[in-house]
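Dear colleague,

Please find the structure below, handed over for your records. My account of the sheet and its packing follows it.

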Amino acid sequence: MKNEEFIKLKNSIAIKAVVKIVMYSFITMLLLWILVDGIFNDEIANRVSGISVRIYYWCIQNKTLLLGITFIAIFSTIAFIVIRNSNDNMVEILTAMDQILKEPEKEIKLSNNLLILENRLNNIRIDLIKSQNEAKEAMQKKNDLIMYMAHDLKTPLTSIIGYLTLLTQEKEISKELSQKYMTIALQKSLRVEDLINQFFDITRYNLQSMPITRQKIDLVFLMEQLVEEVYPILQEKSLKCKISKPSSIVFMGDGDKLARAFGNLIKNAISYSYENTIIEIELKEEEKKIIINFRNRGDKIPQYKLEKLFDKFYRVDESRTSSTGGAGLGLAITKQIIELHNGSISVENEDEWIVFHIELKID
């Protein structure tokens with residue numbers, strides 16, 4: 001609980017205590033006046049005069065003084081009781097707050113007159129548990145990232161060092177073999193660069209505030225360009241890509257960011273497609289929205305993995321081979337880019353078909 005909230009709560013309890021003291025004292029004096037000076041006035045007068053006439057007349061002459069002394073006695077007694085109860089409440093509250101810090105998993109129980117505060121403290125307790133779990137999860141993800149980075153970078157770096165060592169140590173090496181070693185070293189170097197770029201994305205992109213610049217773009221032309229760029233990779237895996245599309249779809253969006261999102265989905269489809277299959281991309285425009293579907297044939301993904309597919313650092317491939325995939329950030333960035341364009345993305349399995357479904361609203 002913040003210090004300002006604690007001060008407000010303390011003031012509120014103090015004000016309630018003052019109100020109780022004044023109200024209870026007034027009610028008690030009123031009842032006492034009604035009883036003594038009204039209902040039982042004659043009976044009390046007769047009893048006192050029967051004991052001593054002098055005392056009776058003294059009481060009448062000093063009636064105001066007696067009322068004042070009575071009021072002070074009643075006020076003091078009520079004030080003591082109320083303040084004691086208020087202090088008990090404060091002790092109870094402080095104990096509960098201490099319990100939240102030491103035993104957040106234990107439910108807070110307060111007195112009946114503090115039920116509202118009890119609910120508030122239990123909500124704070126639940127938020128604290130949630131924050132602690134999120135902090136542990138974030139730390140675990142950070143540790144996983146460091147482990148993944150070391151694993152993914154080690155393999156290509158070992159190859160680069162190995163082939164370059166052969167080139168420097170081999171005195172008599174053919175031109176063909178030298179060219180082969182240099183080609184492999186270059187490919188592995190490009191792989192290292194790609195991995196480093198993916199890891200940089202973690203710090204370059206705050207997924208909560210990624211800036212976008214909207215302008216008119218042709219989504220059909222953009223998709224055709226992206227497919228053309230990955231043509232060599234498609235050939236390498238004996239894959240084909242088929243685009244079902246109209247002649248043009250104009251959309252107000254950030255071309256660079258959408259290219260990144262669609263490119264991630266295409267590369268994902270290539271990485272997890274069976275060889276000699278077709279990747280299908282469908283673009284269509286409906287009333288006030290654009291539908292884009294990416295379909296590829298691959299191993300069926302269990303439902304529990306589908307639900308985590310857009311989480312940062314999550315990878316379907318648990319073996320984490322260095323030849324495919326990266327830090328597990330691509331689909332998380334893709335989802336954020338789509339949502340920043342007032343769109344939505346989902347994934348499902350249809351037998352061996354993996355389908356990513358995107359909807360973009362047209363303003």
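Helices (H or I, at least four residues) and strands (E, at least two) are DSSP runs, numbered from the N terminus, and two strands pair if DSSP finds at least two bridges between them. This is a predicted model, in which local features need pLDDT of at least 70 and side-chain atom pairs count only at pLDDT 80 or more, while totals for chains, interfaces and linings use all residues. Residues are numbered from 1 along each chain as its sequence is written, and side-chain values use heavy atoms, with hydrogens and water left out.

The sheet is open and mixed in its pairing, with 5 strands in the order 2-4-5-7-6. Strand 2 and strand 6 are the edge strands, each pairing on one side only. On average, neighbouring strands are turned by 15° against each other, direction ignored; axes here are lines fitted to C-alpha atoms, for helices over the stretch in contact, and angles run from 0 to 180 degrees between N-to-C directions.

Strand 2 (residues 240-244) runs parallel to strand 4 (residues 278-286), and 5 bridges join them. Within this pairing, cysteine 241 has isoleucine 279 of strand 4 as its bridge partner. Strand 4 is also joined to strand 5 (residues 289-297), by 7 bridges and in antiparallel fashion. Here isoleucine 281 is partnered by phenylalanine 294 of strand 5, and glutamate 282 by asparagine 293 of strand 5. The hairpin of these two strands has 2 residues between them, and lysine 288 takes a positive phi near 65° there.

Two helices deserve mention alongside the sheet. Helix 9 (255-271) lies across strand 4, strand 5, strand 6 and strand 7, at about 20° to strand 5. Helix 11 packs on the sheet through contacts (heavy atoms within 4.5 Å) with strand 6 and strand 7, its direction making about 135° with that of strand 6.

The largest nonpolar core, a set of buried (under 20% relative accessible area, 1.4 Å probe, protein chains only) Ala, Val, Leu, Ile, Met, Phe, Trp, Tyr and Cys residues joined through side-chain atoms within 4.5 Å, has 40 residues, of which Leu219, Phe262, Ile292, Phe294 and Phe356 touch the most other members. Helix 9 gives the most to this core, with 8 residues. Leaving aside residues up to four places away in sequence, phenylalanine 294 touches, among others, Met223, Phe262, Leu265 and Phe356.

Yours sincerely

Methods. Buried < 20%, exposed > 50% of the residue type's maximum accessible area, 1.4 Å probe, protein only.
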